[in-house]
Structure formats: C-alpha cells, structure tokens
Amino acid sequence: MKILVDTHTHTIASDHAYSTVLENAAAAQRAGLAALGVTDHAPPLSDAPNRMHFQNLRVLDREIGGVTILRGAELNICDANGSLYVEKDDMREMDYCIASIHPNLYASSDPAENLRAYLGAMEDGRVKILGHPEDGRAPVDFMALARAARDMDVLIEVNNSSLRPISYRRNTRENMIAMLRACEACAAHVCLGTDAHFATAVGRFDESLALLAEIRFPEELVANTSLEKFLSHIARRG
C-alpha cells in the first residue's frame, strides 16, 4: 500500500513545530507524495497562530515542486459538546479541517462524554477528519465512533506519530488496533497522517503501514492512497 497524501502536518506557525511550508513540501517531494496537507493548530491552543494565519492561506502556492498543497487546520474539540472555538469565517480558505481532542484544553475519563464531544464536532461540516482518536487519555467507544464517522462521511485518522517510540499518547498501539477493527467492521474510512512537527517526519508512514499490514486492514477503506480518492471523499461533506 502506498500513501500519496500526508493529511496532517505542522509548520513553524505552530510554535512547537520546527519546519517551514517549503521545508515540508521538499520533504513531501522526496517522499514521492502527490499532496501535502498544511494543518497547523488553531486557537485556543496556546501556541497556535492567530486567525489571520488561516484567513490568508490563499497566498500559499497550490503546487510546490510537483506536490499539491492542501490548506487545512487542526481544530480543537474544546468541551463535551464538541465546540471548536474557531469561527467559520476564519476557515473560509480551508480545503478541510481536522478535529482533535488535546487534553490540555479538554479530555474526559468518561468514554461516553468523549463520544458526545466527537459527535458534536462532526456536526460541523468543516470537519473532514478526526485526529488521533486512539489517544488513551481521552477514551472512547471505537465501534460507536466508527459507525458515526461512516454515517457522516468523516475520516478517522491513523496517526503515525502516535505509534512512534517518542509518542506521549497513551495505549496507542492497543487502541489503534481496536479502532481499526471497528472501522473495518463498520466499513468506516480512515486516512493516514504523520502529524509531522519536523520535516523529516513528512511522508513517513512506516509504523502505520506496518500495523495495517499486520492486521490485514482492507486498502479500499484507506482514503489517501491517491489524491483523487482523498479529494472525492472530503468533497462528500458540506
């Protein structure tokens, strides 16, 4: 299986990331990617750029070194209702948004409460992907989440960063397997994202691909094996 779109990357616009758009694009080109998603953190995360960063993403070239540049953002699920904080007008230039739980802003030990938060976030049509839902710091019923994501045409992310030895997230491998089993059972689509915070991680899906091969996850449920397939999937949502 070949992944041709890295759907989740960060640049120096997020203070805890360390590469520029051009550096990430060059890494994407070396990795043979067709497209790169630039998805910096949105407010109210403390190191996020301000709203003008997202309003002005139209200045990014649509192609750099043969790599299509997709304009995105990683939104924060801020409460049990799935509130995303950022006004819709601030995301007018976005091709897609990821919605993620970050425990420094919100996370519950109650899986039902986290499920309600994800469901609320998915009601927002800007959200095309749920980011790193395998993080054990915010437990959730994966079968219920997969069913809802399928019904709402939202992709569930297989986050490569979560599987790397340096990850600070909890129980990620065990949870990722359970999440993928639920997606397969429900025919819910996933996408692979590196969550790269440094250019050398862009386009590197080694851990994710190894896990998918190990559990024989069906390739037809992976949305970013081509740019066309990914764009077709995210276009289904308003």
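**Exercise 1. Work out what lies at the two ends of helix 4, and where its buried residues sit.**

Solution. Just after helix 4 in this predicted model, Asp153 takes a positive phi of about 55°. Turning to the N-terminal end, we find that Asp141 caps helix 4, with a side-chain oxygen 3.0 Å from the backbone nitrogen of Met143. Between these ends, helix 4 covers residues 142-151, and its buried residues are Phe142, Leu145, Ala146, Ala148 and Ala149. Seen down the axis of helix 4, these buried residues fall within an arc of 165°, and therefore they line one face of the helix. A general rule helps here: an α-helix has 3.6 residues a turn, so residues three or four places apart point the same way. As a last step, look for the partners of the buried residues of helix 4, which pack against helix 3, strand 6, strand 7 and helix 6.

**Exercise 2. Describe how strand 8 is paired and which way its residues point.**

Solution. Begin with the neighbour: strand 7 (residues 155-159) runs parallel to strand 8 and is joined to it by 4 bridges. In one of these pairings, Val158 has Leu192 in strand 8 as its bridge partner. Next, follow the side chains of strand 8, where Val190 and Leu192 point one way while Cys191 and Gly193 point the other way, although all are buried.

**Exercise 3. Find the residues with the most contacts in the largest nonpolar core.**

Solution. This core has 65 residues, of which Ile77, Met91, Leu180 and Phe217 touch the most other members. Helix 6 gives the most to this core, namely 6 residues. Taking Phe217 as an example, its contacts beyond four places in sequence include Leu180, Cys183 and Val190.

Terms used
Residues are numbered from 1 along each chain as its sequence is written. This is a predicted model: local features need pLDDT of at least 70, side-chain atom pairs count only at pLDDT 80 or more; totals for chains, interfaces and linings use all residues. Side-chain values use heavy atoms; hydrogens and water are left out. Buried means under 20% relative accessible area, exposed over 50%, partly exposed in between (1.4 Å probe, protein chains only). Helices (H or I, at least four residues) and strands (E, at least two) are DSSP runs, numbered from the N terminus. Two strands pair if DSSP finds at least two bridges between them. The arc is that of the directions from the helix axis to the C-beta atoms. Contact means heavy atoms within 4.5 Å. A polar contact is a pair of N or O atoms within 3.5 Å; within protein, one must be able to donate a hydrogen and the other to accept it, and residues adjacent in sequence count only if both atoms are side-chain atoms. A nonpolar core is a set of buried Ala, Val, Leu, Ile, Met, Phe, Trp, Tyr and Cys residues joined through side-chain atoms within 4.5 Å.
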